[in-house]
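I opened this entry to keep track of what I looked up, topic by topic, with the structure beside me.

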Amino acid sequence: MKFFLDTANLAEIKEVAGWGILDGVTTNPSLVSKENTPFEKLIREICAICPGPVSVECVSTGSDEIIKEARRLAGLAPNIAVKIPIGLEGLKATRVLSREGIQVNTTLIFSPSQALLAAKAGSRFVSPFIGRLDDISQEGMEIVEQILVIFDQYGFDTEVIVASIRHPRHVVDAALLGAHIATIPYSVIAKLISHPLTDRGVEKFLKDWGKVKI
Ligand code: G3P
């Protein structure tokens, strides 16, 4: 399973890259708006830290404009994946861009049918937002399961990025389903490693080691 970091914060990206487990980064306009750095400079810096795919979102709405914006964004660094929200205009743009070899991450996926259309249009990634579905009392992980079955059934090589992750259980459930990628906020990725019994165990071993004759 690949781990992407869901952030535009350089300090967080540097930190997790240092742990040796960072496979990519996903940003969106909301995440970028929290950083106090000019947009293109920020994206270039993220791409220099993380050699894996870095998703950057298009904000245009018509297909011609999306295509132009995506080409410009893809030119910022070789590891850019352009994020395009699912919709008819986005779908048309995705077909054109994917044929040009530009990686598209179709975002704001809330149903298996949206993911199927994105894969047919040539998307490299689809991003189902599971936390936002959980928020409205729908089981978000169910659509991940359905999308994986559909992609497997027809041999699509589109990878599923489980997004809108809120807690470690989401990561474990995504892994149990065999999702290709989880894009995880820093606050959640930091929690994946902790367990109170591990802390207690280390403390006891160190205490007992103090009694060993050397
Ligand atoms: O990258 C987009 C996605 O992960 C957003 O998550 O927490 O805003 O629903 P959230």
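Before reading any accessibility, I set down the cut-offs I rely on: buried means under 20% relative accessible area, exposed means over 50%, and partly exposed is what lies in between. I also note that this is a predicted model.

**Salt bridges**

I looked up the salt bridges and found that the structure holds 10. I began with Arg 124 and Glu 159, whose side chains meet in a salt bridge with an N to O distance of 3.1 Å. The pair links distant parts of the chain, 35 residues apart, with Arg 124 in the loop between helix 6 (112-120) and strand 6 (125-128) and Glu 159 in strand 7 (residues 159-162). Because its relative accessible area is 30%, I enter Arg 124 as partly exposed, whereas Glu 159, at 10% relative accessibility, goes down as buried.

I turned next to Asp 135 and Arg 166, which form a salt bridge whose closest N and O atoms are 2.9 Å apart. This pair also links distant parts of the chain: Asp 135 belongs to helix 7 (residues 130-135), while Arg 166 is in the loop between strand 7 and helix 9 (168-177), 31 residues apart. Asp 135 is exposed at 53%, and Arg 166 is partly exposed at 38%.

For Lys 204 and Asp 208 I noted a salt bridge with 2.8 Å between the closest N and O atoms. The two are four residues apart in helix 11 (residues 196-209), so about one helical turn separates them. Asp 208 has a relative accessible area of 26% and is therefore partly exposed. I also recorded that salt bridges with shared partners join Lys 2, Arg 124 and Glu 159 into one network.

**Ligand surroundings**

Which residues are around the ligand? I listed Asp 6, Asn 28, Lys 83, Phe 129, Arg 132, Ala 163, Ser 164 and Arg 166. For Asp 6, I found a polar side-chain atom 2.5 Å from an oxygen atom of the ligand. An N or O atom in the side chain of Arg 132 lies 2.7 Å from a ligand oxygen atom, and for a polar side-chain atom of Ser 164 the distance to an oxygen atom of the ligand is 2.7 Å. Taken alone, the ligand exposes 310 Å², of which the protein buries 81%.

**Nonpolar cores**

I then examined the largest nonpolar core, which has 54 residues, and in which Ile 46, Val 82 and Leu 97 have the most contacts. Helix 8 (residues 140-154) gives the most to this core, contributing six residues. Apart from it lies another core, of five residues, including Phe 4, Ala 81, Phe 125 and Ile 161. I followed Leu 97 further and, leaving aside neighbours within four places in sequence, found it in contact with Ile 67, Ala 70, Arg 71, Val 82, Ile 84, Ile 102 and Val 104.

**Positive phi angles**

Most residues other than glycine have a negative phi, so I checked for exceptions. Leu 108 has a positive phi, near 60 degrees; its place is in strand 5 (residues 103-109), and its 30% relative accessibility makes Leu 108 partly exposed. Ser 137, likewise not a glycine, has a positive phi of about 65 degrees. Ser 137 is in the loop between helix 7 and helix 8, and I enter Ser 137 as exposed because its relative accessible area is 71%.

Definitions and conventions: Residues are numbered from 1 along each chain as its sequence is written. This is a predicted model: local features need pLDDT of at least 70, side-chain atom pairs count only at pLDDT 80 or more; totals for chains, interfaces and linings use all residues. Side-chain values use heavy atoms; hydrogens and water are left out. A nonpolar core is a set of buried Ala, Val, Leu, Ile, Met, Phe, Trp, Tyr and Cys residues joined through side-chain atoms within 4.5 Å. Buried means under 20% relative accessible area, exposed over 50%, partly exposed in between (1.4 Å probe, protein chains only). Contact means heavy atoms within 4.5 Å. A salt bridge is a side-chain nitrogen of Lys or Arg within 4 Å of a carboxyl oxygen of Asp or Glu. A residue is near a molecule or strand if one of its heavy atoms lies within 4 Å of it. A polar contact is a pair of N or O atoms within 3.5 Å; within protein, one must be able to donate a hydrogen and the other to accept it, and residues adjacent in sequence count only if both atoms are side-chain atoms. Accessible areas come from the Shrake-Rupley method with a 1.4 Å probe; for residues, only the protein chains shown count as cover.
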